[in-house]
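Trainee: I would like to go through this model with you, one question at a time. Where should we begin?

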Amino acid sequence: MQKYEDVGKTFLTPLSTVEAGQWCTNAGDCITLGETENYGSSGWLKVTAGGANTKYSMTGEKLIACGAAQQALCGDNDQGGDYLLKGNTGAFELMPYNAFYAYWCGDTQLEADGSVRLAYCSAGKVVATDENNEHTDIEDSGAVFRMPDMFMVAPVGTDLDALESNGYFDAAALADAKKQKAVDTDRPFLIYRDVNLYKKSETVADKKSEWFNPFLPYNGYTGSRDAVIKMKPAPSDDTVYYLVENTQPDWSTLDDAKVKGAASTSSH
């Protein structure tokens with residue numbers, strides 16, 4: 001959250017660095033979320049090691065917790081959105097910022113990010129717009145949305161029962177997870193959505209004026225809650241990535257030990 005004294009309001013923000021660090025499964029598969037800089041300021045995170053890094057995953061792009069384009073909009077402009085950050089389970093999502101504005105034409109990533117578009121998709125081929133035909137009323141053909149990276153971050157105390165009962169996880173994936181050892185909720189963990197668990201990882205995106213990517217959370221404006229793709233895998237001790245916490249004490253905060261019989265000064 002970010003407090004703005006001049007307007008007397010506090011906003012949920014899509015950016016933070018609290019997730020920075022290494023996260024590992026019990027099997028030894030690890031992901032590192034590291035801080036980067038964008039637009040001249042820090043506060044963005046991205047996958048710096050261990051991501052899927054497939055052609056369409058957007059691994060390495062800056063990550064954001066809701067569909068807001070600016071720092072302090074999650075709690076205000078996106079009132080209708082179904083982002084976990086705005087709920088009361090304690091969990092939140094991380095997704096590539098560019099995924100909210102990107103679609104694909106063949107293997108080329110295009111953007112629908114406002115009134116001006118530099119290119120569009122026609123029968124699956126990229127076509128540049130001219131200055132008299134460059135607005136969002138252009139209807140693409142052959143364009144698709146593809147499944148990007150997505151994380152669900154669960155701090156200690158996350159209400160997993162509520163997430164399960166709300167249908168956040170795929171039903172079959174949840175049933176599989178229930179057969180495994182339960183996740184350790186006394187440790188922070190995240191779930192890294194696994195594109196290999198889905199039969200379908202792309203969907204048609206023909207009309208950009210009302211576009212909705214079902215591989216992202218419901219944005220509150222277009223599409224529907226029912227169209228959103230459920231999370232796989234569901235949490236278990238085998239599927240989650242636990243935060244690798246620093247086990248070294250902060251030596252500067254500890255008092256010197258007093259050991260009976262020890263010399264008060266060292267001779268070395």
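Trainee: Which residue lies over the face of Trp-44?

Mentor: This is a predicted model, so treat each value as computed from it. A Lys counts as over a ring if its NZ is within 6 Å of the ring centre and within 35 degrees of the ring normal. One residue lies over the face of Trp-44, at 5.6 Å from the ring centre. That residue is Lys-62.

Trainee: Over which ring does the charged end of Arg-187 sit?

Mentor: For Arg the atom to follow is CZ. The charged end of Arg-187 lies 4.1 Å from the ring centre. The ring belongs to Tyr-242.

Trainee: Back to Trp-44. What kind of aromatic pair do Trp-44 and Tyr-97 form?

Mentor: Nine aromatic pairs are counted in the model. For Trp-44 and Tyr-97, the centres are 5.6 Å apart and the planes make an angle of 70 degrees. Plane angles over 60 degrees count as edge-to-face. The pair is therefore edge-to-face.

Trainee: How many residues apart in sequence are the parts that this pair ties together?

Mentor: Trp-44 lies in strand β5, residues 41-49. Tyr-97 lies in the loop between β7 and β8, so the pair ties together parts that are separated in sequence. The separation is 53 residues.

Trainee: Are Trp-44 and Tyr-97 buried or exposed, and which residue joins them in one aromatic cluster?

Mentor: Both Trp-44 and Tyr-97 are buried. Their aromatic cluster has another member. That member is Tyr-101.

Trainee: Now the largest nonpolar core. Which element supplies the largest share of it?

Mentor: This core has 36 residues, and Met-152, Leu-163, Tyr-168, Phe-169 and Phe-189 touch the most other members. At least two residues each come from β8, β13, α1, α2 and β14. The largest share is three residues, and the element is α2.

Trainee: How many residues are in the other core?

Mentor: That core lies apart from the largest one. Its members include Trp-23, Tyr-192, Tyr-241 and Leu-243. The count is 15 residues.

Trainee: Which residues is Tyr-168 in contact with, leaving aside its neighbours within four places in sequence?

Mentor: Tyr-168 is one of the residues that touch the most other members of the largest core. Its contacts also include Glu-93 and Lys-230. The full set is Leu-84, Glu-93, Met-150, Met-152, Leu-163, Lys-230 and Met-231.

Trainee: Which residues cover the two faces of β13 as buried side pairs?

Mentor: In a regular strand the side chains alternate between the two faces of the sheet. In β13, Phe-151 and Val-153 are on one side, and both are buried. The buried residues on the other side are Met-152 and Ala-154.

Trainee: What is the bridge partner of Phe-151 in β14?

Mentor: β13 pairs with β7 in the antiparallel sense over three bridges, and there Phe-92 stands opposite Val-153. Four bridges join β13 to β14, also antiparallel. In β14 the partner of Phe-151 is Tyr-192.

Trainee: Next, the hairpin of β10 and β11. Which residue in its turn has a positive phi?

Mentor: β10 and β11 run antiparallel and are joined by four bridges. Cys-121 stands opposite Val-126 in β11. Two residues lie between the strands, and phi is about 55 degrees at Ala-123.

Trainee: Is Ala-123 buried or exposed, and what about Met-58?

Mentor: Most residues other than glycine have a negative phi. Met-58, in the loop between β5 and β6, has a positive phi of about 65 degrees. Ala-123 has a relative accessible area of 64%, so it is exposed. Met-58 is at 10%, under the 20% limit, so it counts as buried.

Trainee: Which peptide bond is cis?

Mentor: Look in the loop between β15 and β16, where Pro-233 has its place. Omega is near 0 degrees there. The bond runs from Lys-232 to Pro-233.

Trainee: Last, the whole chain. What percentage of its residues is buried?

Mentor: The chain has two helices and 16 strands. About 14900 Å² is exposed, with 47% of it from carbon and sulfur atoms. Of the 268 residues, the buried part is 43%.

Notes:
Residues are numbered from 1 along each chain as its sequence is written. This is a predicted model: local features need pLDDT of at least 70, side-chain atom pairs count only at pLDDT 80 or more; totals for chains, interfaces and linings use all residues. Side-chain values use heavy atoms; hydrogens and water are left out. Two strands pair if DSSP finds at least two bridges between them. A nonpolar core is a set of buried Ala, Val, Leu, Ile, Met, Phe, Trp, Tyr and Cys residues joined through side-chain atoms within 4.5 Å. Buried means under 20% relative accessible area, exposed over 50%, partly exposed in between (1.4 Å probe, protein chains only). Contact means heavy atoms within 4.5 Å. Rings of Phe, Tyr and Trp (its six-membered ring) pair if their centres lie within 6.5 Å; planes under 30 degrees apart count as stacked, over 60 as edge-to-face and the rest as tilted. Accessible areas come from the Shrake-Rupley method with a 1.4 Å probe; for residues, only the protein chains shown count as cover.
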